[in-house]
Amino acid sequence: MAKEEPPSISKDLQELQRKLSLLIESIQNNSEVVALMKSPVGQYLDRHPFVALTLLVFAAMSAVPVGFFLLLVVLTFLVAFVGVILLEGLIISVGGLSLLCVLCGLGFVSLIISGTIIVSYMVVSSLVNYWFSPRSFTQQNSSGDCQLAMKSTDLEGLYQE
């Protein structure tokens, strides 16, 4: 009761074997593979197929963890970069607003100080003009004080020159 395989399966296997042998032949004829096989490492791996198979399996199995690690590194870098930009933007914004508040406060204080200085100047100037005006001496001259009359005439002479 042994079933014979249909002829299509054996043809498929022969076709697969032919494609596989062409693939192996193209790999063996590759210039980089030829250069590797001529090197001392390639010759050692050719003499020790178990070591070659172990290295091949190790390289294939370590590709996934190494890929995940590199992905983690890239993602960490991107998150840190975006985080630094956001944090830097936040710090610059807060610093800019603080600077704006300080400058507005300084502007307000400078207006108050300037106003105080101007008002003080006007008050002192008015008082000085009132206390030392030639008019006050002439008004006192009409009251009959001789010494003041002499001083007022001297001062009038000074102002006219």
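This briefing covers the fold, the largest pocket, a nonpolar surface patch and the salt bridge of one protein chain.

The model is predicted. The protein chain has 161 residues, of which 4% count as buried. Its secondary structure consists of six helices and zero strands. Two surface features are described below: a pocket with about 280 Å³ of space, the largest one found, and a nonpolar patch of about 1100 Å².

**Overall make-up**

- Along the sequence the elements run α-α-α-α-α-α.
- The helices treated here include H1, which spans residues 7-28, as well as H2 (31-38), H3 (40-47) and H4 (49-131).
- About 14400 Å² of the protein chain is exposed, and 73% of that area is supplied by carbon and sulfur atoms.

**The largest pocket**

- Rolling a probe the size of a water molecule over the atoms shows where empty space is left.
- In this model the largest pocket holds about 280 Å³.
- Its lining is made by Val33, Leu36, Met37, Leu45, Asp46, Pro49, Ala52, Leu53, Leu55 and Leu56.
- Three helices, H2, H3 and H4, each give at least two residues to this lining.
- H4 provides the largest share, with five residues.
- By class, the lining has nine nonpolar residues, no polar residues and one charged residue.
- Leu55, one of the lining residues, sits in helix H4.
- Leu55 counts as partly exposed because its relative accessibility is 48%, a value between the limits of 20% and 50%.
- Leu45 also lines the pocket; Leu45 and Leu55 are ten residues apart in sequence, and their C-alpha atoms are 9.4 Å apart in space.

**The nonpolar surface patch**

- Val64, Phe68, Leu71, Val74, Leu75, Phe77, Leu78, Phe81, Val82, Ile85 and Leu86 together make a nonpolar patch of about 1100 Å² on the surface.
- Phe77, one of the patch residues, belongs to helix H4.
- Phe77 has a relative accessibility of 57% and therefore counts as exposed, the cut-off for that class being over 50%.

**The salt bridge**

- Side chains of opposite charge can pair when their charged atoms come close.
- How many salt bridges does a search of the whole structure find? The search finds one.
- This salt bridge joins the side chains of Glu15 and Arg18, with an N to O distance of 2.6 Å.
- Both Glu15 and Arg18 lie in helix H1, where they are three residues apart, or about one turn of the helix.
- Glu15 counts as partly exposed because its relative accessibility is 33%.
- Arg18, at 44% relative accessibility, likewise counts as partly exposed.

Methods: Residues are numbered from 1 along each chain as its sequence is written. This is a predicted model: local features need pLDDT of at least 70, side-chain atom pairs count only at pLDDT 80 or more; totals for chains, interfaces and linings use all residues. Side-chain values use heavy atoms; hydrogens and water are left out. On a 1 Å grid over the protein atoms alone, a cavity is a set of points where a 1.4 Å probe fits but cannot get out, and a pocket is an open set with protein on both sides within 12 Å along at least five of seven lines; lining residues have an atom within 4 Å of a point. Grid points are joined across faces, edges and corners, and a volume is the space filled by probe spheres set on the points. Helices (H or I, at least four residues) and strands (E, at least two) are DSSP runs, numbered from the N terminus. Ala, Val, Leu, Ile, Met, Phe, Trp, Tyr, Cys and Pro count as nonpolar, Asp, Glu, Lys and Arg as charged, and the others, Gly among them, as polar. Patches are made of residues with over 30% relative accessible area and no salt bridge: like charges are joined within 9 Å, nonpolar side chains (Val, Leu, Ile, Met, Phe, Trp, Tyr) within 5 Å. Accessible areas come from the Shrake-Rupley method with a 1.4 Å probe; for residues, only the protein chains shown count as cover. A salt bridge is a side-chain nitrogen of Lys or Arg within 4 Å of a carboxyl oxygen of Asp or Glu. Buried means under 20% relative accessible area, exposed over 50%, partly exposed in between (1.4 Å probe, protein chains only).
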